[in-house]
Amino acid sequence: MLKAKQILGSSSSSACGCFCVPHRLRKPCSNFPLFARRPIEATLSKSSKPHFLASQCRRGFFFNALHMSYIHSGSPPDGVSRPSPSTGITRKIKFCQSCGSPTKYEIPDGEDKTRAICTRCGSITYENPKMVVGCLVEHENKILLCKRNIQPSHGLWTLPAGFMEIGESATEGAIRETWEEANAEVEVQSPFALLDIPLIGHTYVIFLAKLKRLHFSPGPESSECQLFALEDIPLDSLAFSSILITIQMYLEDIKMGRPKFHYGVINKR
């Protein structure tokens, strides 16, 4: 089974779910090589310069990094609590997607959650999480970042990533997003991070990838694309908490000798 450890830290957050993570991680707590060995600590870095993440954020949100490691046990160890499910933000569905009639919100028979139910045909509209896929592109001890040319987080840097489309696999979506945002042809090497954000219904899947050829340029959603040496990555100017966490884990893995697969849950409340 999986042993879950929660690490709770205070943080500033904006409506888009961004917060600042300090440039350090805690001591190792697992020997299983496929999962993150060091849980993420989330606090507002005192040394960080003011930027969008800090200046546009409001207090009152918290962050749970869920550190997973494999153990052979039938029950959770003493002192380890299970994380409680997050209540996500759902949109108000006023009309039926099948016939267009008004909906009402009730708990359907045999279920335990309130759903949008058509008042005419009885169809139930279910809301499901969306998957964001992208690539952490490595090249000669550098990584590829794109500066966003659209909202949210216009003008901040990010890994090439976006919503997965119907009819494509996660790797195909990550490759497509990298091409659309950076005009870069890449070859996926391995999965690197899976981060759940239950509150907004997003799951991030980030893959390690290599450039097929040394060519990239900004796509329509990017104003700049650049290969950054690891020591020059603009950590104070990254667009999203998920991207910041992913890069922090990658930097720590490089210090430890090799990248591993990481799984985490970002909770805000």
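Here are three short exercises on the backbone and packing of this predicted model.

**Exercise 1. A proline and its peptide bond**

Work out whether the peptide bond from Q151 to P152 is cis or trans, and say where P152 lies.

*Solution.* Start with omega: for the bond from Q151 to P152 the angle is near 0°. That bond is cis. Next, place the proline along the chain: P152 belongs to the loop between β7 (142-148) and β8 (157-158).

**Exercise 2. Two neighbours with positive phi**

Find the sign of phi for E140 and for N141, then decide whether each residue is buried or exposed.

*Solution.* Begin with E140, which is not a glycine and yet has a positive phi of about 50°. Then turn to N141, again not a glycine, with a positive phi of about 65°. Now locate them: E140 sits in the loop between β6 (130-139) and β7, and N141 is in the loop between β6 and β7. Lastly, check accessibility, where exposed means over 50%. E140 reaches 66% relative accessibility, so it counts as exposed. N141 has 67%, so it counts as exposed.

**Exercise 3. The surroundings of A116**

Decide whether A116 is buried or exposed, and list which residues it touches beyond four places away in sequence.

*Solution.* First find the element: A116 is part of strand β4, residues 115-118. Its relative accessibility is 2%, and the cut-off for buried is under 20%, so A116 counts as buried. Then look at the contacts: leaving out residues up to four places away in sequence, A116 touches I93, T103, K104, Y105, S123, I124 and T125. To finish, take one distance: 8.5 Å separates the C-alpha atoms of A116 and F95, which are 21 residues apart along the chain.

Terms used: Residues are numbered from 1 along each chain as its sequence is written. This is a predicted model: local features need pLDDT of at least 70, side-chain atom pairs count only at pLDDT 80 or more; totals for chains, interfaces and linings use all residues. Side-chain values use heavy atoms; hydrogens and water are left out. Helices (H or I, at least four residues) and strands (E, at least two) are DSSP runs, numbered from the N terminus. Buried means under 20% relative accessible area, exposed over 50%, partly exposed in between (1.4 Å probe, protein chains only). Contact means heavy atoms within 4.5 Å.
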